[in-house]
Amino acid sequence: MPTRELYWNIDGHWLIYPLFLIAFGFIVYGYWKRIRLWKLGQPENRWRDVWAGIKDIFVYGIFHYRILKDKYPGIMHFLILWGFIFLGFATTIVALQADFGLNFFHGVLYVFIKLTANAFGLLAVVGLIMALWRRYVEKPDRLDNKKGAGDGFVLVLILAILITGFITEAVRIVANNDPWAAYGFVGYWISPLFSGMSAESLSAFHRFLWWFHLLLAFTFLGAIPYTKLTHILLAPANQFLRKRGPIGVPEKIDFEDESLETFGKSKLREFSWKTLFNSDACIRCGRCQDNCPAYLSGKHLNPKQVIQDMRDYMEEVGEAYGNYAKAHPAVAVAGAEGSEEAAAAVEAPSEEELGLRNLIGDVIPEEDLWACTTCRSCEQQCPIFVEHVDKTIDMRRNLVLMESRFPAEAQLAFKNMENNGNPWGIGWTKRAEHLTSLGVPTLEENPEPEILYWPGCSGAYDMRNQKVSSAFVKLLQKANVNFSIIGNEEKCCGDSARRLGNEYLFFSLATENIEVMNSHGIKKIVTQCPHCFNVLKQDYPEFGGNYEVIHHTQYLYELLKSGRLKLNKAENNPTITYHDSCYLGRYHQIYEEPRELLKAAGFTTLEMSRNHEKSFCCGAGGGRMWLEEKEGKRINEMRTDEALATHADFVGTACPFCLTMINDGIAAREAEEKVKAQDIAEILASRI
C-alpha cells in the first residue's frame, strides 16, 4: 500500500511544537500591536452579515474572483495561493498521523496528497518566478519597490521553502529507495542529482535540509504580521468585513443632535476602527491608482498613497498617544496603555495638542480631496475591498461645514442650489417651463400617474439636455405611458451638494423633495440622470423617501420587452460606442440594458478599451461638474480620445453630465464632423 515512514532520519522532531509556539508568539505580539492601533478608531459594527462574509472569503479570496480580472498578477497569485493550500493540507495530515495517532496517510489519500502537493507546489514555484520577474524585471510603477522593499524578501523566503522541500524529498527518495517515489514526481525528477552521494552523506544532508526547511517555514509564520505576508490574514478579514448593500451612501449626520461638536472628519481618531483596519489590509497592489482617473490624468491624487499615508499616520498617532499614556497613567487612551476607568475624569489630549501633523493638509493634501470624482473605480478594482471614497467625502464635509474651505467654484453652485434649487441659478419658477411646453402634465394636473418622471436639473434647465428630455417624453408618449412631473416644486436632488461635502444643503434639498413626493403618494420614479437615480434610490430612504426608482434606460428596456415601445432599425448599420456612466455602472451594475437598447435600434456596438466595470470616468462625478480642472490633463478629453479611437459613428451616453463632458471633449478635439454624442433616449426617439 502506498505510504512512507514519517520523520524518517529525524531525531527530536518534538522540537517542532516549541518552535511553532515561538513563531506563534511573534504572530500574537505583532497583531496585538496592530489591534492597539485599530482601537484608536471609533466603534463600528461590521459583524452583521456573517454568512455573506464567509461566502466572500471563498469567492474573492480563495477563488480570486476579482484578482483574476487582472490576468498576469491574478494567475501568479492564484498559483502561489493554491500551492500553499495543498501543501498546508499535506502538512496537516502528516501532523495528525504522526502526533495525534490518526492512521490515514496511506493508500488513496497518500497518492492524492503526493500528487497534489507536488503539482501545486511546482505551480507555486512558477507563480513566485512570475512575481519576481514582474517586480524586478518588468517593474510596473504601481508596485513601488521603494515602499515595498521587504516584498522581495518575502518572495525569496517562500521560494526557498518550496525548493528546500522538493530537494529534501529528492534526497529522501535516493536514501531509502522509496518504491512509491513516482507519486512525489518533482522530488523523483530531481533525485538523480544526488544518486552519487554515499549513504552517510545523504543522511546528513537530508537532516540538514529538513531542519533548515522547518526553520524557514517558522520564519515565514513569525514574519506574517511584520511584512506583506500580513495580507494572508487581513485580506480575507477585510473581504469578510466589507460593506454590503447600497454602494456609496455617506453616513447620515443628525443635525438635531446637540452633542455633536464637529461635522465630518479631520482627525484620525474620528474615523472608525474599520477605516484604520483598511490601511493595514491594503496590499499596495496599485490597482486603485492604475484605474483612478485623477491619478491617470496627472493629478497629485493617488488613492493607494492616501491609504498608505493614513497607515503611516496611524502609527505616528499610536506612538504619540502611547507615549502620553505612559507619562500620564491616569488617562485612558484607546489603543495605548492607560486606565479605562479614569477616562471620564481626565480627557486625553487632541492630536494637535500632541504636536502631530494635521490629517487634512499635512498628511492628505486638500487638493487631493477635491480631485476625486467619486467614480469608485479604485474600490471596484480592489481585490480586498479597501474603501477609499467615503473617507474622502467625510473630510470634504469637515472642510465645508467646519472650515468653510472649498474651491471657489463650489461656492457658486452651493448658492445657486440654495436660492433657486439648481446649480445653474436659473429661476426656480422656470423649472417646468420646457416640459410643460411639450404637453407634460404636473402632479397637480395628473395626480395619479403610472410613473413620476424626474427630469432633474439638467433635463429641466440645460439646453443640450433639454433635447434628451424632449426625446424621452416623445418615447413615453409613443408608448402611451401615463406620467407626470412634479413641476416647479421639484428641487435639485442634492447629489452634488452631498458629494462635495455640503451635507446641510443636501439635507435641506432632500427633505423638501421628500415632503413634496410623499404628500402626493409617489411610489415609482423614472429619472434620466444616474446621479439623481442614485441619490433618490440609495440616499433618500434614510430620510423617509422610499420609492421604486428606475433609470430611463431600464424603463425603456422594459417598454421595449413588453411591446409597448416599438423601434424601427437604423439603416446602413451605424456604429456606436457606449460610455458607461460611473453612477449607473459601478454603483448599480447597469451595463447591459443600454447596450440592448442600442442593438434593438439597429446599431453595432464598438467597445472602448475601458468599458463596463473598468469604464473610465468622464470627470464630472463627485460634484466636479461644477469645479474647474486646473491640474494635469482633462479627464473628459482622455475619455473622448478613447471613444474616438473606436472610429464609431456615435458616442452613446445615459447621463447628462457624461453627455456634456463628452461633447466638450469632441469639441476640444475638433471632431464634430467625425462623431456625434447622443443620449440613448435621443437615439431611440429617432427610430420611432
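Buried here means under 20% relative accessible area, and exposed means over 50%. Keep these cut-offs at hand for the exercises below, and remember that the model you are looking at is predicted.

**Exercise 1. Find which residues of helix α22 are buried, and how many there are.**

Solution. Start by locating the helix: α22 covers residues 530–539. Next, count its residues, which come to 10. Of these, nine are buried, so by the cut-off of under 20% each of the nine has little relative accessible area left. Finally, name them: P530, H531, C532, F533, N534, V535, L536, Q538 and D539. The helix is thus mostly covered.

**Exercise 2. Work out whether E169 is buried or exposed, and which residues it touches.**

Solution. First, place the residue: E169 belongs to helix α5, a helix that runs over 151–176. Then look at its relative accessibility, which is 13%. That value is under 20%, so E169 counts as buried. For the last step, set aside residues up to four places away in sequence; E169 then touches K114, G184 and G187.

**Exercise 3. Describe the backbone and surroundings of N177 and N480.**

Solution. Begin with a general expectation: most residues other than glycine have a negative phi. Now check N177, whose phi is positive, at about 50°, although it is not a glycine. N480 also is not a glycine, and its phi is positive at about 55°.

Next, find where they sit. N177 is in the loop that joins α5 (151–176) and α6 (185–190). N480 is in the loop between α19 (463–478) and β2 (483–484).

Last, test their exposure. N177 has 64% relative accessibility, which is over 50%, so N177 is exposed. N480 has a relative accessible area of 65%, so N480 counts as exposed by that cut-off too.

**Exercise 4. Step back and describe the chain as a whole.**

Solution. Start with the secondary structure: there are 27 helices and eight strands. For the dimensions, the C-alpha trace spans about 100 × 75 × 45 Å along its principal axes. Then turn to burial, where 55% of the 688 residues are buried. The exposed surface is about 30,000 Å², with 57% of it supplied by carbon and sulfur atoms.

Contacts come next: among those with a separation of 6 or more, 78% link residues 24 or more positions apart. To finish, look at the charges. The chain carries 72 positive and 82 negative side chains, and the centres of these two sets are 5 Å apart.

Technical notes
Residues numbered from 1 in each chain as written. Predicted model: local features only at pLDDT ≥ 70, side-chain atom pairs only at ≥ 80, totals over all residues. Heavy atoms only, no water. Buried < 20%, exposed > 50% of the residue type's maximum accessible area, 1.4 Å probe, protein only. Helix = DSSP H or I, 4+ residues; strand = E, 2+ residues; numbered from the N terminus. Contact = heavy atoms within 4.5 Å. Areas by Shrake-Rupley, 256 points an atom, 1.4 Å probe, with all protein chains shown as cover. Lys, Arg positive; Asp, Glu negative; His and termini not counted. Charge placed at Lys NZ, Arg CZ, Asp CG, Glu CD.
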